[in-house]
Amino acid sequence: MSQAGNGTEVGLADGIDHQVAMVMDLNKCIGCQTCTIACKTNWTDGGGREYMYWNNVETKPGSGYPRDWEEMGGGWDEEGEERTPGELQNKEEYGRAWNFNHEQVMYEGSDEPLRPMEQPDWGPNFDEDEGAGEYPNSYYFYLPRICNHCTHPSCVEACPRSALYKREEDGIVLVDQDRCRGYRYCVEGCPYRKVYYNAMKKTSEKCIFCYPRIEGEGPEGEVMPPSCAEDCPPQLRLVGYLDDEEGPIHKLVNEHEVAVRLHPEYRTEPNVYYIPPFAPPQHSESGESIESERIPRSYLEELFGPDVHEALNTIERERAKVERGEESEVMEMLTTTDTADQYRLEVFD
Ligand code: SF4
Ligand code: SF4
């Protein structure tokens, strides 16, 4: 751990100069999968990666991708010292890449709709928009996920070859492709199931937080945010450094405490944070609004831990301020459309 200038604990891993981080506002996600495609076309369109989505967006409540990943173990014990065992999932649990009838529809004049050539029985976000609850009070929301570039990454610890490592300059977690022997202990060890095995290359691969973009290898040497963030139509991702005290990430996470971690009980200390989702109140049988939250707090607590309550309460108070015409730093940060505020990647040398 390191201390920020004002004494605030910012929770960097030992030996890490700065930590990249992302805040995603779940209230804005429309489930369009633009982020998924942006990532896929940038990084995982090669052989052996057909099933891989370094960025995926799943519907919650739902089984996610891979199917039931939250029940597969991994991470750390309650003291955060011993790794907990995880399972290795199979390809069916990720969902196979289906072949579509492109040829017939595009080139052979078929009137059939475009569809998979086999009956799909599972795939990424297979349970899209299903959610839970009874009509008229059913609910769902989208949960975009990438590797969390954790402060205490169990994937790194799991590798006997030290092929996974956390970069000193920005805390990005990478797989050294020359050292990796494809043992897949990292795949079992990550409780978020965000390391993938490439059966053609026989190595593990994972989200790289678009490090060439943030290093300034974009067109004309520009520093650019990760593709998933830049391409998101509602611009729900803020990108920066956890230890940049003037930046929105530090303020939302450490000062206002409105951005929370997904499954903090896995104890890997993720550096992707979420603004928890709100929903309209429930309706009575006659269609009137009643004072009861549509998304059960107990479910949100299951996902984001007990801090989610205070986060939701604070956001509610901040929204009320704006409604009264007062200023709210939280709401300003969450609604800014200025890219200089959304992406603060050039604050450290
Ligand atoms: S999310 Fe998983 S793969 Fe990514 S750093 Fe954390 S433990 Fe490792
Ligand atoms: S691009 Fe943005 S809105 Fe669309 S699914 Fe991804 S995170 Fe959600």
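Which residues surround ligand 1? In this predicted model, the ring of neighbours is made up of Cys147, Asn148, His149, Cys150, Pro153, Ser154, Cys155, Val173, Cys190, Tyr192, Val195 and Lys206. Let's tour the two ligands, then a loop, a surface patch and a pair of helices.

**The two ligands**
- Start with ligand 1, and you will find several cysteines in its shell, including Cys147, Cys150, Cys155 and Cys190.
- Sorted by character, the shell around ligand 1 holds eight nonpolar residues, three polar ones and one charged one.
- Ligand 2 has 14 residues around it, and the closest of these are Cys29, Cys32, Gln33, Cys35 and Cys232.
- The shell of ligand 2 splits into ten nonpolar, three polar and one charged residue.

**The loop between E2 and H2**
- Strand E2 covers residues 56-60 and helix H2 covers 91-94, and proline 61 sits in the loop that runs between them.
- Look at the peptide bond leading from lysine 60 into proline 61: it is cis, with omega near -10 degrees.
- Proline 66 belongs to the loop between E2 and H2 too, and the peptide bond from tyrosine 65 to proline 66 is cis, with omega near -5 degrees.
- Aspartate 68 is another residue to find in the loop between E2 and H2; it is not a glycine, yet its phi is positive, at about 60 degrees.

**A nonpolar patch on the surface**
- Phe100, Met106, Tyr107 and Leu114 make up a nonpolar patch on the surface.
- Together, these four residues have about 440 Å² of accessible area.
- To place one member of the patch, look for methionine 106 in helix H3, which spans residues 102-107.

**Where helices H9 and H10 meet**
- Helix H9 runs over residues 297-304 and helix H10 over residues 307-323.
- How do their axes pass each other, and at what angle do they cross? The axes come within 8 Å and cross at roughly 115 degrees.
- On the H9 side, the contact uses Arg297, Leu300, Glu301 and Phe304, which meet Val308, His309, Leu312 and Asn313 of H10.
- The residues of this contact between H9 and H10 divide into four nonpolar, two polar and two charged.

Note on methods:
Residues numbered from 1 in each chain as written. Chains lettered and ligands numbered in written order. Predicted model: local features only at pLDDT ≥ 70, side-chain atom pairs only at ≥ 80, totals over all residues. Heavy atoms only, no water. Near = heavy atom within 4 Å. Nonpolar A, V, L, I, M, F, W, Y, C, P; charged D, E, K, R; others polar. Patch = residues over 30% accessible without salt bridge, like charges linked within 9 Å, V, L, I, M, F, W, Y side chains within 5 Å. Areas by Shrake-Rupley, 256 points an atom, 1.4 Å probe, with all protein chains shown as cover. Salt bridge = Lys/Arg side-chain N within 4 Å of Asp/Glu carboxyl O. Helix = DSSP H or I, 4+ residues; strand = E, 2+ residues; numbered from the N terminus. Axes fitted to C-alpha atoms, helices over the stretch in contact; angles between N-to-C directions. Contact = heavy atoms within 4.5 Å.
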